[in-house]
Amino acid sequence: MQPIQPQFRATTGHCLFVYNLPPTTTEDLMYQLFSPYGAVLNVKVIRDISTSLCKGYGFVNYAEYEDAVQVCLPPRPPLMLSPLTVTMAGNPKPEHCRTWW
């Protein structure tokens, strides 16, 4: 039997951490929100085991570094309904962290 392959691989591409997501966030919404910035390899919403609701954070993985950086720049995404904080994984520089209001 082959091992189950995870749907999200943070080791490929360029990963963003996304915080302050509402409990109703889905992978489809995350994809819609972040795909206008470039080629999204995958998204992952972290869910509570007992409720299956979003725990408030997730990940977006881009094929290109430049696309991931664009997310951290203005303007705010049009589908966003609440403040989000987006941070480039492994890069705590202020220019790679953005809170959208």
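**Exercise 1. Determine whether G58 is buried or exposed, and identify its surroundings.**

Solution. In this predicted model, G58 has a relative accessibility of 0% and therefore counts as buried. The next step is to place the residue: G58 belongs to strand β3. Its contacts can then be listed. When neighbours within four places in sequence are set aside, G58 is in contact with L16, F17, V18, L21, M30, K44, V45 and I46. One of these partners, V18, is 40 residues from G58 in sequence, while the C-alpha atoms of the two residues are 5.3 Å apart in space.

**Exercise 2. Classify the aromatic pair formed by F17 and Y19, and state how exposed each residue is.**

Solution. The count of aromatic pairs in the model comes to 3. For F17 and Y19, the ring centres are 6.4 Å apart and the planes stand at 65°. Ring centres must lie within 6.5 Å for a pair, and planes over 60 degrees apart count as edge-to-face; the pair of F17 and Y19 is therefore edge-to-face. Accessibility is considered next. F17 has a relative accessible area of 26% and is partly exposed. Y19, with 34%, is partly exposed as well.

**Exercise 3. Describe the pair of F17 and F59, and explain which parts of the chain it ties together.**

Solution. F17 and F59 form an edge-to-face pair, with 5.0 Å from centre to centre and 75° between the planes. F17 lies in strand β1 (residues 14–19) and F59 in strand β3 (residues 54–62), so the pair ties together parts that are 42 residues apart in sequence. F59 has a relative accessible area of 17% and is buried. The final step widens the view: ring pairs link F17, Y19, Y57 and F59 into a cluster.

**Exercise 4. Locate Y19 and list what it touches beyond its sequence neighbours.**

Solution. Y19 lies in strand β1. Not counting residues up to four places away in sequence, Y19 touches G56, Y57, P83, L84, T85 and T87. For Y57, the separation from Y19 is 38 residues in sequence, against 4.4 Å in space between C-alpha atoms.

**Exercise 5. Identify the residues that touch the most other members of the largest nonpolar core, and the elements that supply it.**

Solution. This core has 20 residues, of which L16, V18, M30, F34, V60 and Y62 touch the most other members. At least two residues of the core come from each of β1, α1 (27–34), β2 (40–47), β3, α2 (65–71) and β4 (84–88). In soluble globular proteins, nonpolar side chains tend to be buried together.

**Exercise 6. Find the buried residues M30, L33 and F34 in α1 and decide how they are arranged around the axis.**

Solution. M30, L33 and F34 are buried in α1. They cover an arc of only 80° around the axis, which puts them on the same side of α1. An α-helix has 3.6 residues a turn, so residues three or four places apart point the same way.

**Exercise 7. Establish whether D67 is buried or exposed, and name its contacts.**

Solution. D67 is located in helix α2. Buried means under 20% relative accessible area; at 18%, D67 therefore counts as buried. Apart from neighbours within four places in sequence, D67 is in contact with Y37, G38, A39 and Y62.

Methods
Residues numbered from 1 in each chain as written. Predicted model: local features only at pLDDT ≥ 70, side-chain atom pairs only at ≥ 80, totals over all residues. Heavy atoms only, no water. Phe/Tyr/Trp six-rings, centres within 6.5 Å; stacked < 30°, edge-to-face > 60°. Buried < 20%, exposed > 50% of the residue type's maximum accessible area, 1.4 Å probe, protein only. Helix = DSSP H or I, 4+ residues; strand = E, 2+ residues; numbered from the N terminus. Core = buried A, V, L, I, M, F, W, Y, C linked by side-chain atoms within 4.5 Å. Contact = heavy atoms within 4.5 Å. Arc of directions from axis to C-beta.
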